[in-house]
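Hi,

Here's the structure I said I'd pass on to you. Have a look around it first, then read my notes underneath.

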Amino acid sequence: MPSATRTIPFITVDVFTDTRFAGNPLAVIMDARDLSEPEMQQIAAEFGYSETTFVLPPSNPQNTAEIRIFTPVTEVPFAGHPNVGTAHVLATAGSVYGKPVGDHIRFEEKAGLVEIAVSRDAEGKVAATTIRAPGPLTIGARVPAPVMAPCIGLTEDDIVTRQHEPLFASVGLKFILVEVASLEALGRASPRLDPLEALRANHENENCDCATFLYTWVGPDHVQARMFAPFDNVAEDPATGSASAALGAFLNTLAPAPTERRLLIEQGVEMGRRSLIGVTVHTLAGRFDRVEISGSSVTVMRGELTL
């Protein structure tokens with residue numbers, strides 16, 4: 001006999017924006033208890049967004065929920081915009097699995113516990129959510145500019161190395177951070193699969209799909225960025241919170257005396273999906289302590305999956 005049809009509610013939001021059809025879209029599957037892992041992966045591929053989240057009951061009842069995050073091709077342990085957007089959805093709903101959701105949220109994820117603060121406007125509606133990256137800052141191998149340049153369709157002169165060479169860095173999810181010389185160079189960049197595949201093979205120990213986060217300065221505490229992750233089936237991402245957090249944490253290590261720092265990261269401009277990501281790096285006794293990312297989200301669609 002054929003299996004019974006299941007209907008599962010979902011909500012989509014645009015994240016790191018307060019304008020529909022800007023920012024980074026996210027699908028939130030509100031009750032994933034009846035879904036297998038292969039089904040989660042199929043659903044994420046069907047939506048085709050850079051990530052889709054699946055909400056499950058927490059293993060520890062003191063936490064809000066367990067969240068699993070899938071790109072169109074794989075599960076990831078942590079990502080920024082899925083946490084910002086999923087927290088917005090659950091805080092707006094006001095409850096999950098029969099428990100109230102307040103202004104302090106804690107998600108169980110593969111990378112560890114993710115803590116989230118909810119900000120509300122004068123009417124009590126969710127205005128923004130702020131997440132704390134779950135991992136410490138880790139810095140991996142450097143990639144010489146002549147090796148990196150062909151991977152992103154640029155010349156060696158387009159890559160700035162005064163403060164740092166391109167390098168692997170993570171606060172929960174790993175990226176290659178690359179400073180480029182100008183907005184014009186940023187606009188010309190595009191991923192090149194063959195040299196990226198060679199780079200990935202040469203850095204197998206980094207356990208990274210060579211997702212690349214390019215940035216250039218447009219103000220004292222303001223950068224514009226792009227992110228390419230072709231091996232995750234994400235040609236370009238309009239907003240990447242986890243990469244923004246890694247960049248903010250890493251840049252703070254370059255300061256002579258690291259202190260608390262705020263950074264605005266603008267992304268998705270070239271895609272017509274402008275995103276604004278707030279990054280705050282906290283220090284303790286002159287050393288990196290934690291990094292937080294914040295942003296707004298706006299609801300776009302509600303519906304049901306039929307399985």
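**What I found**

The largest nonpolar core has 59 residues, and among them F107 and I265 touch the most other members. Helix 6 is the element that gives the most to this core, with seven residues. A separate, second core is made of 22 residues, including C151, I152, I176 and C210. One bit of background: in soluble globular proteins, nonpolar side chains tend to be buried together. Before you go further, keep in mind that this is a predicted model.

Try clicking on I265. Which residues does I265 touch, if you skip those up to four places away in sequence? You should find F213, V223, A225, S244, L247, S275, L276, I277 and V279.

Next, go one residue along to E266, which sits in strand 17. Is E266 buried or exposed? E266 counts as buried, because its relative accessibility is 11% and the cut-off for buried is under 20%. Again leaving out residues up to four places away in sequence, E266 touches H222, V223, Q224, A225, R274, S275 and L276. With R274 there is also a polar contact, side chain to side chain, at 2.7 Å. For a sense of scale, pick H88: it is 178 residues from E266 along the chain, and their C-alpha atoms are 20 Å apart.

Now slide on to E270. Where does E270 lie? You'll find it in the loop that runs between strand 17 (261-267) and strand 18 (275-284). E270 has a relative accessible area of 33%, so it is partly exposed. Not counting neighbours within four places in sequence, its contacts are L186, G187, Q224, A225, R226 and E236. Its side chain makes a polar contact with the side chain of Q224, at 3.3 Å. R188 is 82 residues away from E270 along the chain, yet the C-alpha atoms of the two are separated by 9.9 Å.

Then there are the empty spaces. How many cavities of 30 Å³ or more are there? The count comes to one, and the largest cavity holds about 30 Å³ of space. Its lining is G248, L251, R261, R262, L263, V279 and V281. Helix 6 (241-253), strand 17 and strand 18 are the elements that each give two or more residues to that lining, and strand 17 has the largest share, with three. By class, the lining has four nonpolar, one polar and two charged residues.

As for pockets, the largest one contains about 410 Å³ of space. It is lined by 29 residues, and the closest to its centre are V76, P77, L173, K174 and D232. Helix 2 gives the largest share of that lining, three residues. Sorted by class, the lining has 12 nonpolar, 11 polar and six charged residues.

The second largest pocket has about 190 Å³ of space. H88 turns up again here, as one of its lining residues, along with D18, A91, T92, R120, D121, G124, K125, V126, A127, S296 and S297. Helix 2 and strand 10 (126-132) are the elements giving two or more residues to this lining, and helix 2 has the largest share, with three residues. Here the classes come out as three nonpolar, five polar and four charged.

Have fun exploring!

Terms used: Residues numbered from 1 in each chain as written. Predicted model: local features only at pLDDT ≥ 70, side-chain atom pairs only at ≥ 80, totals over all residues. Heavy atoms only, no water. Helix = DSSP H or I, 4+ residues; strand = E, 2+ residues; numbered from the N terminus. Buried < 20%, exposed > 50% of the residue type's maximum accessible area, 1.4 Å probe, protein only. Contact = heavy atoms within 4.5 Å. Polar contact = N/O pair within 3.5 Å; in protein donor to acceptor, adjacent residues only side chain to side chain. 1 Å grid on protein atoms, 1.4 Å probe; cavity = no way out; pocket = protein on both sides within 12 Å on 5 of 7 lines; lining within 4 Å. Points joined across faces, edges and corners; volume = space filled by probe spheres on them. Nonpolar A, V, L, I, M, F, W, Y, C, P; charged D, E, K, R; others polar. Core = buried A, V, L, I, M, F, W, Y, C linked by side-chain atoms within 4.5 Å.
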